[in-house]
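Please open the model in your viewer and keep the sequence panel visible. This tour proposes one selection after another and states what each one contains.

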Amino acid sequence: MHDIRAIRDDPAAFDAAWAARGLSPQTGAILALDAKLREAQTALQAAQADRNEASRAIGKAKAAKDEAAATTHMAEVEKLKFVIAMQTGRETRLSAELRDLLAALPNLPAADAPPGADERDNVEVRRWGEPASIAAPKDHVELGGALMDFEAAARISGSRFVALKGELARLQRAIGQFMLDMQTVEHGYTEVAPPLLVRGEAMFGTGQLPKFAEDLFQTTDGRWLIPTAEVSLANLVREQVLDEAELPLRVTALTPCFRSEAGASGKDTRGMIRQHQFDKVELVSITTPEQSIDEHERMTTCAEAVLKRLELPYRVVSLCTGDLGFTARKTYDLEVWLPSQATYREISSCSNCGDFQARRMDARCKRAGEKGTRFIHTLNGSGLAVGRTLVAVMENYQDEKGRIAIPQALHPYMRGVTHIGGAD
């Protein structure tokens with residue numbers, strides 16, 4: 001959400017920032033609508049002032065026993081009631097139109113976000129680990145075999161679901177628990193078990209609504225299934241005023257996530273890369289404006305630490321302005337190496353949203369002893385997507401016989417199981 005006062009002060013800066021994201025100029029329409037709204041507000045205030053003056057005149061006329069004057073002023077009040085009702089309706093309509101227009105526009109890129117049109121212009125920041133040399137690597141679907149049952153899941157739920165069985169189901173659970181333990185015990189995030197069903201206001205607050213409604217699942221009572229725990233975690237502070245001394249606030253959750261993938265037809269239809277339901281460990285930080293840049297770097301390293309501990313080769317990419325998500329000012333993607341595709345694939349996005357979500361949630365902070373408040377900054381990241389991490393472990397730890405070794409870091413969670421599948 002954007003501050004209309006800031007747009008009035010410097011419309012050229014907003015248009016330039018949106019142009020970097022590939023949008024045409026927006027401020028002309030915004031300011032024209034804003035002018036109409038302010039005109040309606042002025043007319044309403046004038047009509048209300050005239051009504052109040054006429055009402056006082058009625059009292060004075062009655063006190064003077066001047067019934068003719070009283071009748072005239074009463075007629076004037078009746079006319080003004082109609083004007084007030086009309087201008088109130090106009091103000092309400094224009095205010096909603098302006099709010100909807102501003103709510104549909106993405107965040108402004110950070111000054112150091114790389115310029116570019118799409119993912120081809122993203123900038124690699126660093127790499128870690130060397131991809132193993134695997135002759136004729138199998139993909140995770142081949143490696144999973146009978147333990148990865150897509151057919152049964154399709155009979156139950158349709159396409160883009162899977163039923164994991166036996167040791168593969170245990171491995172997925174182990175990965176999620178390992179990630180959660182690492183983020184809470186080692187990195188200081190507070191674990192939360194949040195709601196999976198949320199109200200529309202919560203989805204609006206983190207930017208999923210109204211723009212991405214078709215990518216979400218809605219229940220019959222109007223609530224929404226979360227596409228990421230970011231929604232629940234960030235909204236923990238909605239409509240709150242936080243003490244700046246308590247920030248940054250860091251929370252995490254391991255939850256199922258639900259996405260309709262309406263805009264992803266034909267993409268990654270094989271296997272577990274893109275599904276309607278998947279587990280993810282989400283990281284959310286609430287900070288002061290001064291803390292958010294450093295917190296973004298910290299959050300990214302917390303996500304990277306998981307890949308390092310699992311010894312999975314990866315790279316960090318800074319998204320260009322044309323590839324940023326709707327709410328993000330700056331984003332680092334972590335991409336893990338997948339041998340079957342001989343390429344790096346996204347496994348985490350860590351984003352600094354500035355005060356964009358806070359304005360939508362009306363979440364603020366204040367210093368002790370000061371009266372004024374200001375909007376917090378919010379950050380979110382995957383630490384990590386569990387299903388894609390499972391895929392990466394399976395493919396990077398396979399041998400020539402199709403047997404999957406369990407990474408050392410997961411041994412305590414696997415109760416003695418060190419390998420899955422393949423020939424002995």
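Begin by selecting strand 16, residues 377–385. Nine of its nine residues are buried, so strand 16 is largely enclosed by the rest of the structure. Here, buried means under 20% relative accessible area, exposed means over 50%, and partly exposed lies in between, with a 1.4 Å probe and protein chains only. Strands (E, at least two residues) and helices (H or I, at least four residues) are DSSP runs, numbered from the N terminus.

A word on the source: this is a predicted model, in which local features need pLDDT of at least 70 and side-chain atom pairs count only at pLDDT 80 or more, whereas totals for chains, interfaces and linings use all residues. Residues are numbered from 1 along each chain as its sequence is written, and side-chain values use heavy atoms, with hydrogens and water left out.

Next, add strand 10, residues 277–287. Strand 10 pairs with strand 16 in the antiparallel sense over seven bridges; two strands pair if DSSP finds at least two bridges between them. To see one such bridge, select I286 together with T378, its partner in strand 16.

Now add strand 13, residues 343–352. Which sense does the pairing of strand 13 with strand 16 have? The pairing is antiparallel, over three bridges. Select C350 to find the residue that stands opposite G381 of strand 16.

Continue to strand 9, residues 249–258, which pairs with strand 10 in the antiparallel sense over 10 bridges. P256 has D279 of strand 10 as its bridge partner.

The view may now be widened to the sheet. These strands belong to an open sheet of eight strands, ordered 1-11-12-13-16-10-9-4, with mixed pairing. At its edges are strand 1 (123–128) and strand 4 (190–191), each of which pairs on one side only.

Finally, display the whole protein chain, which has 13 helices and 18 strands. Its radius of gyration, taken over C-alpha atoms, is 28 Å, well over the 22 Å that the globule rule (2.2 Å times the number of residues to the power 0.38) gives for 424 residues, so the chain is more spread out than a compact globule. Along the principal axes, the C-alpha trace spans about 110 × 45 × 45 Å. Colour the chain by burial: of the 424 residues, 48% count as buried.
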